[in-house]
Amino acid sequence: MLAADAIRFAPTFKDVGPGQPLLGCGSCIDRKVCGGLHLRNTGSLLVSCMSYCTCEDTSQCDIVCPRKPEDYVARHREVDGWGLNTIPTARTVELPRLPDWIPLLQGNLLGRRAAALDDCLALPLTYALKGRGHATRGRTRQELGESYGVRPRHGWVLSGVQEDPAVERIWPLPDISRIARQLVHAGAIFATSPDFSTILDSPRHDNLHAMKRIAWVWYHMTQGGLCTALHVNGRTDHDFVRWAEFIRLQPAVKAIAFEFLTGTATKQSIDQYCERLAGLAAAVGRDLTLVVRGNAEAARALRSAYKQVVFIDSTAYMRSTKRRRAYLNENGKIAYLPVHTSTSREARALLRHNIHTLRLAATEPRAPAVPDPQARLDFNSLPPQQDADDESPQLALFTQ
């Protein structure tokens with residue numbers, strides 16, 4: 001990874017798409033699968049993706065890097081190479097009917113007595129698991145209800161978008177398909193695969209390893225009978241070309257997922273990734289559902305490219321934990337008022353109200369602004385005043 005004082009140049013290291021790749025990409029044996037890096041002018045700072053490697057002690061680095069030969073070979077073998085074409089054809093699982101907006105819970109506000117709250121409720125993927133290592137299993141239906149104080153009327157949706165330590169917990173699990181079957185029995189109807197990070201300041205081999213792990217976990221979750229959206233992480237245009245080719249060859253991919261929460265949250269990145277996601281949908285050539293975390297405007301912008309866009313949102317839960325009640329102000333925008341809750345019934349009512357209000361704001365078509373009638377008047381276009389005494393003009397009664 002880059003030295004700490006180089007991180008301030010991070011926007012410069014984002015791939016800009018077409019153009020001339022870095023000089024060192026020309027002789028790289030992984031150029032075909034990687035596609036090369038296309039960056040703004042970085043001078044002599046970056047010659048190839050290996051310029052990101054500045055570790056003095058490689059034993060302390062967990063990045064997939066050719067300068068650690070034994071570890072590199074082991075990481076290459078554990079995913080069966082960087083190519084996505086080594087993933088077997090997955091079984092087809094029916095895509096459930098999903099609402100356009102799903103609230104995400106990240107804890108229990110309501111006590112252990114589970115009550116029906118909404119048709120679909122989302123949880124971070126690892127929140128539905130219990131145990132460690134080989135003892136990890138999916139929580140039962142009863143455990144999920146007691147752990148979060150609610151139960152969905154239709155089913156749970158599990159989001160693979162989490163912080164890196166939680167996401168990395170998924171990869172070493174010995175039998176992901178078995179855990180997926182347990183989650184289905186517990187009421188999970190849909191999930192998104194973990195979003196293993198494609199780190200910006202790392203050799204491309206680490207990105208390729210992360211993408212292959214995403215594909216493998218998606219495969220095993222689907223094999224377990226849990227309909228799973230493929231999380232399409234990537235750094236370059238070529239990464240999304242590879243995802244499109246993989247999806248064309250996997251009829252089981254009926255939904256994909258993407259997040260605009262971290263490195264993709266800037267205005268420039270949002271526009272770039274919206275373009276990449278729209279291009280992916282066109283290249284696949286069949287109807288897909290897109291599941292979005294992090295930016296409602298980006299979700300709305302992509303509705304024309306996908307059969308359905310589902311937005312998973314934690315705002316209702318987070319505002320309820322702060323005891324804030326949502327309402328639509330006179331401009332039609334969401335605002336909040338502080339409230340006090342002293343019982344679990346009041347907390348449940350607050351959460352239910354916030355879910356209803358935020359869903360309404362996210363899914364209902366916005367009424368066009370009503371024009372002000374006064375704004376249409378042009379006072380400068382009135383005829384000039386004819387009478388100097390400012391009195392109303394009178395008709396002449398007698399001819400002069």
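User: Before we start, what does "buried" mean here?

Analyst: Happy to help! This is a predicted model, and each residue in it can be sorted by its relative accessible area. Over 50% counts as exposed, and buried means under 20%.

User: Are Trp216 and Tyr219 buried or exposed?

Analyst: These two residues are three apart in helix H6, so about one helical turn separates them. By the cut-off above, both Trp216 and Tyr219 are buried.

User: At what angle do the planes of Trp216 and Tyr219 meet?

Analyst: A pair of aromatic rings is described by the distance of the centres and the angle of the planes. For Trp216 and Tyr219 the centres are 5.9 Å apart. Planes over 60 degrees apart count as edge-to-face, and this pair is edge-to-face, with an angle of 80°.

User: Which residues have the most contacts inside the largest nonpolar core?

Analyst: In soluble globular proteins, nonpolar side chains tend to be buried together. Here the largest nonpolar core holds 83 residues, and its largest share, ten residues, comes from helix H6. Inside this core, the most contacts belong to Trp243, Leu280 and Tyr306.

User: Which residue of helix H8 does Trp243 touch?

Analyst: Leaving out residues up to four places away in sequence, Trp243 touches several residues, including Leu84, Met211 and Leu280. Helix H8 covers residues 267-284, and one of its buried residues is Leu280. The H8 residue in question is therefore one that Trp243 touches and that is buried in this helix: Leu280.

User: How wide an arc do the buried residues of H8 cover?

Analyst: The buried residues of H8 include Ile270, Tyr273, Leu277 and Val284. They pack against helix H7, strand S10 and helix H9. They lie on the same side of H8 because they cover an arc of only 165°.

User: Which exposed residues sit on the face of H8 turned away from its buried side?

Analyst: Look at the helix from its other face, the one turned away from the buried side. The exposed residues carried there are Lys267, Gln268, Glu275 and Ala282.

User: Which ring does the charged end of Arg213 sit over?

Analyst: A charge counts as over a ring if it is within 6 Å of the ring centre and within 35 degrees of the ring normal. The charged end of Arg213 is 4.2 Å from the centre of its ring. That ring belongs to Phe196.

User: Is Asn85 buried or exposed?

Analyst: Asn85 lies in the loop between helix H2 and strand S1. Its relative accessibility is 65%. Exposed means over 50%, so Asn85 counts as exposed.

Methods. Residues numbered from 1 in each chain as written. Predicted model: local features only at pLDDT ≥ 70, side-chain atom pairs only at ≥ 80, totals over all residues. Heavy atoms only, no water. Helix = DSSP H or I, 4+ residues; strand = E, 2+ residues; numbered from the N terminus. Buried < 20%, exposed > 50% of the residue type's maximum accessible area, 1.4 Å probe, protein only. Core = buried A, V, L, I, M, F, W, Y, C linked by side-chain atoms within 4.5 Å. Contact = heavy atoms within 4.5 Å. Phe/Tyr/Trp six-rings, centres within 6.5 Å; stacked < 30°, edge-to-face > 60°. Expected span 1.5 Å × (residues − 1). Arc of directions from axis to C-beta.
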